[in-house]
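Below are my notes on the model, set out as numbered points. Please read them beside the coordinates.

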Amino acid sequence: MLTVRYGCATDVGRLRSENQDSMYAGDGLYLVADGMGGQPAGDVASKLAIAELSTLAERQPITAAELEAGVRRANDRLLADGRQDPERYGMGTTLTGLAALAGDRWAVLNVGDSRVYRYADGRLEQLTVDHSAVQQLVDAGLLDPRAALRHPRRNVVTRSLGTEPPPVPDIELRDPAVGERFLVCSDGLTNELSDAEIATLLQESEDPQRAATQLVEQAVLAGGRDNVTVIVVQLDEIG
Ligand code: MG
């Protein structure tokens, strides 16, 4: 039987005046939303999206269809809120994470360019595909993935919450395995630390809370040019 341990941490970083990332961790839901910069009310957008999705915790166990419906409701809520308040009109957010589903399966969810990684057997693997302009260039073979980190359009997200028509979320189902660790994070982490640095920090910190704290601290030390949010989820066997 699997048991879940998790840890989470967030930091405003060194350049931004407010933290527009939001998260929810616990009850089989591990979600990060990154309110979109350059748009009004990014902090409101990420908070609303997480507030809507977190209502799923009360309905556990949920199905993939219920998760998808939750994303749809969050999108509707952002649009409705934006219509009522001109300062919030056009607000948007990414949303990514993990959800425990009925039938002992897990869903990896993504809209935007926040990410979910799997770490197991010393290997870090990105499970989500960014919905971003640079990812499209990488997919087309027009841009080297390493050059994408410095590309002028690296912040352009091609799918987000708060849009009409509503975004189609990527939802991938997985069977959980003992010893797996998952990392749910905003781009404030992955723009500062390389995959190798992230893997090393996960390797060094067996405790998920310590791992999350270390990852955020190191991203801030490395530059902290954006808000940084990290959830580390660890699957262990009871016994
Ligand atoms: Mg960000």
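Helices and strands here are DSSP runs, at least four residues for a helix and at least two for a strand, numbered from the N terminus. The model is a predicted one.

1. Cis peptide bonds. P165 sits in the loop that runs between α4 (145-148) and β8. The bond leading into P165 from E164 is cis, its omega being near 0 degrees. A cis bond is also found from Q60 to P61, again with omega near 0 degrees. P61 belongs to the loop between α1 and α2.

2. Positive phi values. D27 is not a glycine, yet its phi is positive, about 55 degrees. Its place is the loop between β2 (21-26) and β3. D104, likewise not a glycine, has a positive phi of about 55 degrees and lies in the loop between β4 and β5. With a relative accessible area of 65%, D104 is exposed.

3. The magnesium site. Which residues coordinate the magnesium ion? They are D34, D187 and D226, each through OD, at 2.1 to 2.3 Å. Along the sequence the donor residues follow the spacing D-x152-D-x38-D. D34 in strand β3 and D187 in helix α5 are 153 residues apart, so this pair of donors links distant parts of the chain. D34 is buried at 8% relative accessibility, and D187 is buried with a relative accessible area of 9%. Water is not among the atoms, so the site may look incomplete.

4. Aromatic pairs. The count comes to 2 aromatic pairs. In one of them, the ring centres of Y30 and W106 are 6.2 Å apart and the planes meet at 20 degrees; planes under 30 degrees apart count as stacked, so this pair is stacked. Y30 is in strand β3 (residues 29-34) and W106 in strand β5 (residues 105-111), 76 residues apart, and the pair thus links distant parts of the chain. Y30 and W106 are both buried. Ring pairs join Y6, Y30 and W106 into a cluster.

5. Helix α2. Does the length of α2 (residues 64-84) agree or disagree with the expected span? At 1.5 Å a residue, its 21 residues should span 30 Å, and the end C-alpha atoms are 31 Å apart, which agrees. The buried residues of α2 are L67, G70, V71, A74, N75, L78, L79, D81 and G82. These buried residues pack against α1 (42-54), β4 (95-101), β5 and β8 (170-174).

6. Helix α7. The 14 residues of α7 (residues 208-221) should span 20 Å at 1.5 Å a residue; the end C-alpha atoms are 20 Å apart, which agrees. Buried in α7 are P208, A211, A212, Q214, L215, V216, A219 and V220. Their cover includes β1 (2-11), β9 (181-185), α5 (187-190), α6 (195-204) and β10. G223 follows α7 and has a positive phi, near 160 degrees.

7. Q234. This residue is part of strand β10 (residues 228-237). Its relative accessible area is 4%, and under 20% counts as buried, so Q234 is buried. The side chains of Q234 and R181 are joined by a polar contact of 3.5 Å. Outside its neighbours within four places in sequence, Q234 is in contact with T3, V4, R5, E180, R181, E206 and P208.

8. D130. The loop between β7 (123-126) and α3 (133-139) holds D130. D130 is buried, its relative accessible area being 9%. Which side chain makes a polar contact of 2.6 Å with that of D130? It is the side chain of R115. Not counting residues up to four places away in sequence, D130 touches G112, D113, S114, R115 and Q135. From C-alpha to C-alpha, D130 and D11 are 22 Å apart in space, with their positions 119 residues apart in sequence.

9. Cysteines. How many disulfides does a search of the whole structure find? The search finds 0. A disulfide is a covalent bond between the sulfur atoms of two cysteines. For C8, the closest cysteine sulfur is that of C185, 13 Å away; a disulfide requires sulfur atoms within 2.5 Å, so this distance is too far for a bond. Seen from C185, the closest cysteine sulfur is in C8, at 13 Å, and again too far for a bond. C8 is partly exposed, with a relative accessible area of 26%, whereas C185 counts as buried at 1% relative accessibility.

Note on methods
Residues numbered from 1 in each chain as written. Predicted model: local features only at pLDDT ≥ 70, side-chain atom pairs only at ≥ 80, totals over all residues. Heavy atoms only, no water. Phe/Tyr/Trp six-rings, centres within 6.5 Å; stacked < 30°, edge-to-face > 60°. Buried < 20%, exposed > 50% of the residue type's maximum accessible area, 1.4 Å probe, protein only. Polar contact = N/O pair within 3.5 Å; in protein donor to acceptor, adjacent residues only side chain to side chain. Contact = heavy atoms within 4.5 Å. Expected span 1.5 Å × (residues − 1). Donors = N, O, S within 2.8 Å, 3.2 Å for Na, K, Ca; no water.
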